[in-house]
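User: I'd like to talk through this structure with you, one piece at a time. Could you start wherever you think a pairing is easiest to see?

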Amino acid sequence: MLVIAHRGASGYRPEHTPAAYRLAAAQGADYLEPDLVATLDGVLVCRHENEISGTTDVAEHPVFADRRITKIVDGEAVTGWFVEDFTYAELRMLRARERMPALRSANTAYDRTEAIPTFDDVVALARQESQRFGRPIGVIPEIKHPTYFRRLGLPLEELLTERILALGLREDEIMIQSFEPTSLRRLAVMTRVPLVQLVDSESSPYDFLRVGDGRTFSDLLDPAGLREISTYAQILAPHKDLVIPRTSSGALGEPTRLVDQAHRAGLGVQAWTFRAERRFLPTNTDFRTELSRFASLGLQGIFADHPDIAAATLKAASLPG
C-alpha cells in the first residue's frame, strides 16, 4: 500500500515546504503531494489554497498591503492575498509558515525559513531523494480550483501538462488528482499519466455546480457513477469517512462496500486524510489502530500527515503472523 505524504510531512513541518517534502521522503513516503495553484505569470506553485495569508508572511510585507482583496472562489467569499495576483518573482519574496499553529506549535519553529516551492522544485526534490534512498519516490499533485483558474486565463491542466512534458516525467513518477471531473476529463486527453478522482464526504464538485449539474459527490459513488469515473480516471480517492463512517459518538463504525465496489469498476482506492493528533482520531481508537483497520480493507494507498507512523504501521500490518 502506498504512503502518500499529504502536503509533505505536514505533521512535523509547515505544509508545502521543501523541508516537509524532504522529511516525508526520509520517513518512507512513496509519493509527495503538492497542491498546485498558479501565479499571475503562469508558474505552478505549491499552496493548498490560492489565498495565502494563512500559510505565508504576506501580511507582514507593507509593499503588498494594497493587494488584500475579497474574491469569490468556488462560490464562497474569501478575503486575503491571492497567488494569482503575484508574479513568481514577487511570490519568492514571501516565506512559508505553519497553517495550524495552535495545533502544531512545534512546526512554528520553522516559520519564515523557506520560500514557496514550485512544482518543478518538488519534482527535482523527489528525484534527488529517490536517488539518495535508493527507492522510487513519486509526486501526486492536486490541481486546486481548476474552474476558477481557467476563468482567469490560467488553465491549470495545460500548465501542468506542459511541465510534465518539459520535465520528462514518466507515468510511474506521477499521478494527478482533482475534485472536479471536468478537469480530469481534460487531462485524460492531454496526458497518459494516472488520474485520481477525489471525492468529498459532502457537497458537490464545483464544476458541476457551475453549470447547473445537480449531481453530488455521493452520486459519483453509486455503481453508475463509479463506472463513469473509470472512463477517465484510474483511481478513486474518497474521504476516509466514506470508507469507514463514524458513529454518532465519533467512533469508527462498520466499513461500507465502497472499496469493493470501486474495485469492481476497475478503480484503485486511496483514502484521505490520516492525522495522528487526537482531535482528528476516532473516539474509540488510536492512530495506528485506525490505519490498520483501513489497511485491512484492500486500499491501494493512504494520504497521511505523519508518513513515518503510517509507513511503520502499514509495514507491520503486512508482515506474516
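**Strand pairing and beyond**

Analyst: Asp-35 stands opposite Glu-142 in strand S8, and please keep in mind throughout that this is a predicted model. The two strands concerned, S3 (residues 35–38) and S8 (residues 142–143), pair in the parallel sense over two bridges.

User: In what sense do S3 and S4 pair, and over how many bridges?

Analyst: S3 and S4 pair in the antiparallel sense, over three bridges, and Leu-36 stands opposite Cys-46 in S4. These two strands form a hairpin with five residues between them, and in the turn Gly-42 has a positive phi of about 80 degrees.

User: Which residues of S3 are buried on each side?

Analyst: Asp-35 and Val-37 are buried on one side of S3, while Leu-36 and Ala-38 are buried on the other, so that both faces of the strand are covered.

User: What about S10, how many of its residues are buried?

Analyst: Five of the five residues of strand S10 (residues 195–199) are buried, so this strand is largely enclosed by the rest of the structure. On one side the buried residues are Leu-195, Gln-197 and Val-199, and on the other they are Val-196 and Leu-198. Strand S9 (residues 176–178) runs parallel to S10 and is joined to it by three bridges, with Ile-176 having Leu-195 as its bridge partner.

User: Switching to the interior: which residues touch the most other members of the largest nonpolar core?

Analyst: Those are Leu-32, Phe-119 and Leu-236, in a core of 80 residues. Helix H3 (residues 119–133) gives the most to this core, contributing five residues. A further core, of 10 residues, lies apart from it and has Met-175, Leu-198, Trp-272 and Phe-303 among its members.

User: And what is Leu-32 in contact with, leaving aside its neighbours within four places in sequence?

Analyst: With those neighbours set aside, the contacts of Leu-32 include Ala-5, Tyr-21, Ala-24 and Ala-25, as well as Val-122, Leu-125 and Ala-126, and also Ile-137, Gly-138, Val-139 and Ile-140.

User: You mentioned Trp-272; what kind of peptide bond joins Trp-272 and Thr-273?

Analyst: The bond between Trp-272 and Thr-273 is a cis peptide bond, with omega at about -20 degrees, and Thr-273 is found in strand S12 (residues 268–274).

User: Okay, backbone oddities. What is phi near in Arg-7, and in His-16?

Analyst: In Arg-7 phi is near 60 degrees, a positive value in a residue other than glycine, and in His-16, which is likewise a residue other than glycine with a positive value, phi is near 55 degrees. Arg-7 has its place in the loop between S1 and H1, and His-16 lies in the loop between S1 and H1 as well.

User: Why does Arg-7 count as buried, and what about His-16?

Analyst: Arg-7 counts as buried because its relative accessibility is 6%, and His-16 counts as buried because its relative accessibility is 0%; the cut-off for that term is under 20%.

User: Next, where is Asn-107, and what does it touch?

Analyst: Asn-107 is in the loop between helix H2 (88–91) and H3, and at 2% relative accessibility it counts as buried. Not counting residues up to four places away in sequence, Asn-107 touches Ser-10, Gly-11, Tyr-12, Arg-13, Pro-14 and Glu-98. The C-alpha atoms of Asn-107 and Arg-13 are separated by 5.0 Å, although the two residues are 94 residues apart along the chain.

User: Which residues are buried in H12, and what covers them?

Analyst: In helix H12 (residues 307–318), the buried residues are Pro-307, Ile-309, Ala-310, Ala-311, Thr-313 and Leu-314. What covers them includes strand S1 (2–6), helix H1 (18–26), helix H11 (287–295) and strand S13 (301–304). H12 has 12 residues and reaches 16 Å from its first C-alpha to its last, close to the 16 Å expected at 1.5 Å a residue.

User: Last one, zooming out: how many helices and strands are there in the chain?

Analyst: The chain has 12 helices and 13 strands. Its radius of gyration is 19 Å, close to the 20 Å that the globule rule gives for 321 residues, so the chain is as compact as a globular protein of that length. Buried residues make up 54% of the 321 residues, and residues 24 or more positions apart account for 67% of the contacts with a separation of 6 or more.

Note on methods: Residues numbered from 1 in each chain as written. Predicted model: local features only at pLDDT ≥ 70, side-chain atom pairs only at ≥ 80, totals over all residues. Heavy atoms only, no water. Core = buried A, V, L, I, M, F, W, Y, C linked by side-chain atoms within 4.5 Å. Buried < 20%, exposed > 50% of the residue type's maximum accessible area, 1.4 Å probe, protein only. Helix = DSSP H or I, 4+ residues; strand = E, 2+ residues; numbered from the N terminus. Contact = heavy atoms within 4.5 Å. Pairing = 2+ DSSP bridges. Rg over C-alpha atoms; globule rule 2.2 N^0.38 Å. Expected span 1.5 Å × (residues − 1).
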